[in-house]
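Got your viewer open? Let's take a short walk through this one, a selection at a time.

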Amino acid sequence: MTLNATAETTRDPVASVPERAPIADPAPRTGLVEITDVHKSYGDQEVLHGITLRVEPGQVITLLGPSGSGKSTLLRAINHLETIDAGSITIDGDYIGYERRGGVLHELPEKQVLQRRTRVGMVFQNFNLFPHLTALENIIEAPIGVKRASRQDAIAQARTLLERVGLADRADHYPRQLSGGQQQRVAIARALALTPDVLLFDEPTSALDPELVAEVLSVIRDLAHSGTTLIIVTHEIGFAAEIADHVVFLDAGRVVEQGPPAQVLRAPEEARTQEFLDWVI
Ligand SMILES: Nc1ncnc2c1ncn2[C@@H]1O[C@H](COP(=O)(O)OP(=O)(O)OP(=O)(O)O)[C@@H](O)[C@H]1O
Ligand SMILES: [Mg+2]
């Protein structure tokens with residue numbers, strides 16, 4: 001028997017983050033989202049090198065950084081679409097994909113992860129709507145399937161949400177019958193249907209034709225003004241400057257600089273941030 005096989009057979013089958021020192025709970029955990037010293041590798045390439053961020057309730061955070069800097073990986077780690085190798089992420093004090101036992105984080109079974117993941121809504125670059133479901137059916141699917149809402153309640157809520165994103169008249173359209181901007185607005189309504197604590201956007205407008213960008217930004221702006229907690233990855237620097245309370249610049253898996261937009265976007269302290277801004281603007 002090889003050493004590896006021995007290690008494998010003695011490993012706790014649910015421990016995806018085994019054999020690491022217990023993490024002292026930083027106190028007090030006041031943030032809605034607490035990201036603490038998160039490390040993530042793919043194979044032997046570490047792509048997140050100890051990210052620590054706090055998001056307060058109602059805050060709008062924009063994440064900026066060059067391609068490959070780890071923005072999507074970090075967003076995906078927040079709702080446990082990616083596991084992490086060290087550190088921790090909590091939403092209002094709770095882990096999404098883990099539970100702490102014996103000072104170590106153990107990954108939860110998929111069913112429990114699905115329940116907890118409803119606390120985090122995610123909107124992707126490419127909408128990710130179910131193509132065989134209408135706009136309304138896309139929105140009611142998770143409330144009924146995961147939250148056990150009644151069909152009647154789910155439909156009533158979906159109609160309210162479609163109205164909120166300006167698509168009351170498109171409830172029975174399939175994704176292929178909608179423009180990219182409309183599909184993205186349905187995707188936002190779908191994310192809101194689970195009444196998440198925080199909404200994550202991964203470049204929500206970068207797959208859209210330029211004339212459709214404004215309608216999606218307008219919906220996101222309304223959410224920001226209504227007090228929804230948002231974490232937005234975007235290359236729309238003007239939009240970030242307008243709506244963000246806090247801007248985080250990531251490079252090569254590290255937070256290089258963070259602060260209010262007036263600092264990070266207008267008078268960055270780090271040369272690397274300025275270089276990035278010169279390149280994107
Ligand atoms: N599933 C994966 N397997 C292996 N490597 C990955 C995987 N996903 C991402 N990576 C690598 O991790 C690093 C960070 O990728 P990530 O997608 O988080 O970057 P990003 O900042 O979102 O980039 P972009 O602006 O291009 O979307 C990159 O080097 C990428 O190649
Ligand atoms: Mg990305």
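Leaving aside its neighbours within four places in sequence, which residues is Thr 134 in contact with? Select Thr 134 and show what surrounds this residue: you should find Ala 171, Asp 172, His 173 and Tyr 174. Keep in mind as you click around that this is a predicted model. Thr 134 sits in the loop between β8 (120-123) and α4. Its relative accessible area is 7%, under the 20% cut-off, so Thr 134 counts as buried.

Next, go for the largest nonpolar core, which has 38 residues. To light up the ones with the most contacts inside it, pick Ile 139, Leu 162, Val 186, Ile 188, Phe 201, Ile 220 and Leu 230. Now colour the elements that each supply at least two residues of this core: α4 (135-145), α5 (151-164), α6 (180-192), β9 (198-202), α7 (210-225), β10 (229-233) and α8 (237-243). The biggest giver is α7, with 8 residues.

Zoom in on Phe 201. Not counting residues up to four places away in sequence, Phe 201 touches Leu 75, Val 123, Ile 188, Ile 220, Leu 223, Leu 230, Ile 231, Ile 232 and Val 233. Apart from the largest core lies another one, of 30 residues; to find it, select Ala 77, Tyr 95, Leu 200 and Leu 250, which are among them.

Last stop: a hairpin. Show β11 (residues 246-251) and β12 (residues 254-259), antiparallel strands joined by 5 bridges. Click Val 248 and look across to its bridge partner in β12, Gln 258. Then follow the chain into the turn, where 2 residues lie between the strands and Ala 252 has a positive phi of about 45 degrees.

Technical notes
Residues numbered from 1 in each chain as written. Chains lettered and ligands numbered in written order. Predicted model: local features only at pLDDT ≥ 70, side-chain atom pairs only at ≥ 80, totals over all residues. Heavy atoms only, no water. Core = buried A, V, L, I, M, F, W, Y, C linked by side-chain atoms within 4.5 Å. Buried < 20%, exposed > 50% of the residue type's maximum accessible area, 1.4 Å probe, protein only. Helix = DSSP H or I, 4+ residues; strand = E, 2+ residues; numbered from the N terminus. Contact = heavy atoms within 4.5 Å. Pairing = 2+ DSSP bridges.
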